[in-house]
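Here is a short tour for a reader new to this structure. Have the sequence and the model at hand.

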Amino acid sequence: MKATDIKDPEYFHKVVDCQHACPAHTPVPEYIRLIAEEKYTEAYMINWDSNVFPGVLGRTCDRPCEPACRRGRIDGKDEEPVAICRLKRVAADNKGDVKSLMPIGPFKPNGKKIALIGAGPASLTVARDLAPLGYEIHLYDEQKLGGGFMRSQIPSFRLPETVLNEEVNYILDLGIHTHFNHYVKSLKETLSKDYDAVFVGSGAPKGRDLDIPGRKDGAANIHIGINWLANVAFEHTAKVGKKVIVLGGGNTAMDCCRTARRLGGDEVKVVVRSPFAEMKASPWEKEDAAHEDIPIIDNHVPKSFVVENGVLKGMTFEKVTAEYDKDGKRKLVPVGGPDVFIEADDVLIAVGQENSFPWIERDLGIEFDKWDMPKVDEVTFASTNSKVFFGGDSAWGPKNVITAVAHGHQAAISIDLMCRGEVLTVRPSPYVNLVSQKMGIHEWAYDSQVVTDKRYVVPQAEKKLTLSDRKKEVELGFNGLTGFKEAERCLNCDIQTVFTTDKCIECDACVDICPTACISFTENADESDLRSMLKMPAKNLTQDLYVSDILPTKRVMVKDENVCLHCGLCAERCPTSAWDMQKFFYNVTKAHTGCASHK
Amino acid sequence: MTYVRPKFRHPELPKNKLGYTVDYYEGALSTLCAGCGHDSISAGIIQAAYEMNIEPHKLAKLSGIGCSSKTPAYFLSNSHGFNSVHGRMPSVATGANLANRDLTYFGVSGDGDTASIGMGQFVHVIRRALNMTYIVMNNGCYGLTKGQDSATADQGSKNKSGNVNLFESIDLASLAIELGATFVAQSFSGDKTQLVPLIKAAMNHPGFAFINVISPCVTFNNNMGSTKSYDYVREHVGATATVDFVPEMQEIIVEYGKGTHKNVTMHDGSVIQLHKLSEDWNPLDRQSAMNAVINSKAKNEILTGLLYVNPDAHDLHHMIKTSDKPLNTLTKEQLCPGSEMLSEINADLR
Ligand SMILES: Cc1cc2nc3c(=O)[nH]c(=O)nc-3n(C[C@H](O)[C@H](O)[C@H](O)COP(=O)(O)OP(=O)(O)OC[C@H]3O[C@@H](n4cnc5c(N)ncnc54)[C@H](O)[C@@H]3O)c2cc1C
Ligand SMILES: Cc1ncc(C[n+]2csc(CCOP(=O)(O)OP(=O)(O)O)c2C)c(N)n1
Ligand code: SF4
Ligand code: SF4
Ligand code: SF4
Ligand SMILES: [Mg+2]
């Protein structure tokens, strides 16, 4: 193999599994260490820079970082990832004054005007990144307040309104011109105003319906899940029947059923077509529903709504079983037997959402594909109309808040580049830094010891309390001490093992000491051969091999990054400091931190 | 700060026949200097014991004094251990072995511990053919007492403070062959591919097995001009052959061409496989082994690998005809036959 080019920031970035997996590439281990040091304000600001909504995300993030977390694979058994998401909340809960650390307006206008359609996390991110550069930002939303789905969909028992308001206001306070209660009927009209660019962050606002017999007759008690949740959030709906069926197996279904439990639903059941294990909902959302005594009935396909004398009585279902063909494709096959009837006073349909752009005229140079989705560039987020950008759920369908934020950052960069007349495809490089952590023979500037604590569980408020008050937050968050202990579980994957070939005397000390057999000295070979020639075969192909230049014995040092604990022992045992532990800081450049801000 | 090793090990570590992964054979975290050759030898011992499916409680590790003699703390924590006085490991090993012949005895010593203060004990334990493995971690100096030249420092070798050694060095391997050791090998701490099979074959050897391992002292004897530095050894190392040890009942997979290859079958059916044999050398012949050592020394070469082995070796217990049962398991009744028997014996002697 060719020697690894560690000057390419993407090499070490990939070693930081959590940060790499985070759509916004939040410097996770850095903020976790700050939490351990009780530097909550600094930890919050690292997050705020990257993901804009630390308090919101510390409660609600989909956490793609956690399945990626190295901790989850170091013992091959029951070791669980670091509770990255809930640690973020510890920073948000305990922070001091952060406002003074944020950009403070008024900003010198640069003469450019931008319209943002929809006030969800994607648009709000664009607003935050561009406002400090002097852009005049106009934010439109049909709702009465900003936040998008974070406000209308995510229930208050998961995300208190105060937390959301605080973080939305940090952005609005940058001098954003808000146009709430304002539905944008025509993009053409918006474009005809003198905006230099328009960002479409309108989300995927249309809930799928279920067209089966009885749908029309029972309409009064059959609700589209996301509309119903929005009505609850904006206090148009305060009650639901005693018996409730929720259809669907995703997170929306979980929010619907748990909300129904709080609005008078005593017997709330989730009914889903697929087997339990294949439901789309995150495991923790399913656990929370189970904890609130909500049964999940799987393998039941809805057949009809049963309506008697104009009143909804329940639904019938056909029982199925999942069969898989040789390509693993699933088919739901009826098991036979009579249909199953389940009683219901109300039914909530949570079987998916879609994009819908009735307000975008099709003659504006914005190309749509055969699924009626706009063509959006994956790097620049530009549409085929050079002034119009998309991001968040509006770009490629429903995802999550952190993805919307990541899109927002990139769209903001593109808008800024465009307004400055520069090429959109030349993206700003990330900010990177690599600094030795050595302080003494056995002393590092980071906590190198690897603790064996199991993942801590976030405490919850008493069920009696939370079920009687829709706004009572269920999770209490870690306290400072548990937060510290959980933070200590982090392996500091950003503290990189850096190897200098010409210092190595090939004494084998690192090979001998490495607890997880990461390091080998061997003849060089192709990657596939090399992977099997190591002290332990490197079977995880998603993890890179770090290969040195040729050593005096004609061999190479090969390190399998897969289960490195970043314990620093290799560097401690190295007599010549050929190994060193160096802190790698990688931060995605945002529009307001990039070159433009220094011009 | 790290003074402890993390508990986690590679999740896919294979198990040996006893169901142990290699970490079961580890010891405490080493306190030797970073990069000390001795640590590599410890790692070799751990690997060998794991591969040999040693039941840890059936092995005793013994040592004298020195950095080298500290290493038994850093491997096989589940085994018996005795850290004796400077140069006196052989007598403790002899006593232990006589009392309980059922254990595997593993002695670790240094060049100071063996070739200076312990020389008397060393030569006699060889003569007596004690069934043990005796490893010298040879760095040409007294590491623990800050690097004074030892008796194995080569004439002309320069130490860290620039002084040149005036005296002839003691060649421990030739001495061992001379005195009748039935397994003699030489190796380098930086070459585990060679060292691990040698340790395995030595552990399996039914007599006195000696391995002299060049093991650089990074702190006091790794300077320019030293003949025991990593660089010097790498540049001057030669090998008798490549070694593989195949325990009994195991199929021999690798076959080599005639002339360059030799299988030495031991009494218990295990095989030492030697390939790429050097010319004019016969591992079964003491004379040829001595010649090989002397010839390479004349060429300034450090000859490593197996030097000499006698597959028909016998040990002390065999020679003095002790009981097959370990002495420490014999009861008072068995050891003390009573006054009647005594008078009978005495009568015979009249
Ligand atoms: C029930 C539910 C629960 C969820 N829970 C989570 C969670 O826990 N964690 C998570 O990460 N994600 C969650 N999501 C997904 C997440 O909310 C979205 O992915 C995210 O909010 C998308 O952000 P966005 O900026 O693209 O748009 P949105 O947040 O959808 O905001 C779009 C806004 O645009 C407005 N709008 C649309 N069209 C117009 C128009 N023509 N004129 C004016 N305004 C308009 C809408 O009113 C809306 O306020 C959940 C989604 C649902 C449905
Ligand atoms: C009876 C006695 N004399 C002297 C010493 C001092 N001493 C301790 S270690 C040592 C030499 C050790 O050298 P070596 O066996 O080569 O071990 P190394 O440290 O080099 O591995 C000496 C002389 C002692 N501990 N006991
Ligand atoms: S152990 Fe820490 S740094 Fe490593 S992936 Fe997990 S959270 Fe990130
Ligand atoms: S930091 Fe070094 S010693 Fe520790 S696990 Fe990683 S490679 Fe091994
Ligand atoms: S002094 Fe020399 S022999 Fe002793 S531990 Fe240090 S390097 Fe090893
Ligand atoms: Mg010594």
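Which residues in H8(A) are buried? This is a predicted model. In H8(A), the buried residues are A:Pro121, A:Ala122, A:Ser123, A:Leu124, A:Thr125, A:Val126, A:Ala127, A:Arg128, A:Asp129 and A:Leu130. Helix H8 of chain A runs over residues 121-130. Ten of its ten residues are buried, and the helix counts as mostly covered.

**Another covered helix**

Helix H16 of chain A covers residues 401-419. H16(A) is mostly covered too, with 17 of its 19 residues buried. Does its length come out bent or as expected? At 1.5 Å a residue, its 19 residues should span 27 Å. The end C-alpha atoms are 27 Å apart, so the span agrees with the expected value. After H16(A) comes A:Gly421, with a positive phi near 75°.

**The magnesium site**

Which protein residues are donors of the magnesium ion (ligand 6)? They are B:Asp111 (OD), B:Asn139 (OD1) and B:Cys141 (O). These donors lie 2.0 to 2.2 Å from the ion. Along the sequence, the donor residues follow the spacing D-x27-N-x1-C. B:Asp111 sits in helix H4 (residues 111-115) of chain B, while B:Cys141 sits in strand S5 (residues 141-142) of chain B. The two are 30 residues apart, and the pair links distant parts of the chain. B:Asp111 is buried, at a relative accessible area of 2%. B:Cys141 is buried as well, at 3%.

**Salt bridges**

How many salt bridges does the structure hold? Over all chains, there are 59. Three of them are set out here.

| Salt bridge | Closest N to O distance |
|---|---|
| A:Glu66 and A:Arg455 | 3.0 Å |
| A:Glu506 and A:Arg555 | 2.8 Å |
| B:Lys228 and B:Asp154 | 3.4 Å |

Take the bridge between A:Glu66 and A:Arg455. A:Glu66 lies in helix H6 (residues 65-68) of chain A, and A:Arg455 in the loop between strand S19 (443-444) and helix H17 (463-468) of chain A, so the bridge ties together parts that are 389 residues apart in sequence. A:Glu66 is buried, with a relative accessible area of 5%.

Next, A:Glu506 and A:Arg555 meet in a salt bridge. A:Glu506 is in the loop between strand S20 (495-499) and helix H19 (509-513) of chain A, and A:Arg555 is in the loop between strand S22 (545-547) and strand S23 (556-560) of chain A, so this pair ties together parts 49 residues apart in sequence. Both A:Glu506 and A:Arg555 are buried.

In chain B, B:Lys228 forms a salt bridge with B:Asp154. B:Lys228 is in the loop between strand S8 (208-214) and helix H8 (230-236) of chain B, and B:Asp154 is in the loop between strand S6 (148-149) and helix H6 (172-178) of chain B, so the pair ties together parts that are 74 residues apart in sequence. B:Lys228 is buried, at 6% relative accessible area. B:Asp154 is partly exposed, at 21%.

Salt bridges can also share partners. A:Arg71, A:Asp78, A:Glu79, A:Lys454, A:Glu486 and A:Arg489 are joined in this way into one network.

**Cysteines without a disulfide**

How many disulfides does a search of the whole structure find? The count over all chains is zero. Why is there no bond at A:Cys510? The closest cysteine sulfur, in A:Cys504, is 6.4 Å from the sulfur of A:Cys510, so the distance is too far for a bond. A:Cys510 counts as buried, at 6% relative accessibility. A:Cys490 also counts as buried, at 12%.

**Backbone details**

The peptide bond from A:Gly105 to A:Pro106 is cis, with omega near -5°. A:Pro106 lies in the loop between helix H7 (84-94) and strand S1 (113-117) of chain A.

A:Asn309 is not a glycine, yet its phi is positive, near 50°. A:Asn309 is in the loop between strand S10 (300-308) and strand S11 (311-324) of chain A. Is A:Asn309 buried or exposed? A:Asn309 is exposed, with a relative accessible area of 80%.

A:Ala517 also has a positive phi, near 55°. A:Ala517 lies in the loop between H19 and strand S21 (519-522) of chain A. A:Ala517 is buried, at 10% relative accessible area.

**A surface patch**

B:Met341, B:Ile345 and B:Leu349 make a nonpolar surface patch of about 300 Å². B:Ile345 is in helix H12 (residues 339-349) of chain B. B:Ile345 is partly exposed, with a relative accessible area of 41%.

Conventions. Residues numbered from 1 in each chain as written. Chains lettered and ligands numbered in written order. Predicted model: local features only at pLDDT ≥ 70, side-chain atom pairs only at ≥ 80, totals over all residues. Heavy atoms only, no water. Donors = N, O, S within 2.8 Å, 3.2 Å for Na, K, Ca; no water. Helix = DSSP H or I, 4+ residues; strand = E, 2+ residues; numbered from the N terminus. Buried < 20%, exposed > 50% of the residue type's maximum accessible area, 1.4 Å probe, protein only. Expected span 1.5 Å × (residues − 1). Patch = residues over 30% accessible without salt bridge, like charges linked within 9 Å, V, L, I, M, F, W, Y side chains within 5 Å. Areas by Shrake-Rupley, 256 points an atom, 1.4 Å probe, with all protein chains shown as cover. Salt bridge = Lys/Arg side-chain N within 4 Å of Asp/Glu carboxyl O. Disulfide = S-S within 2.5 Å.
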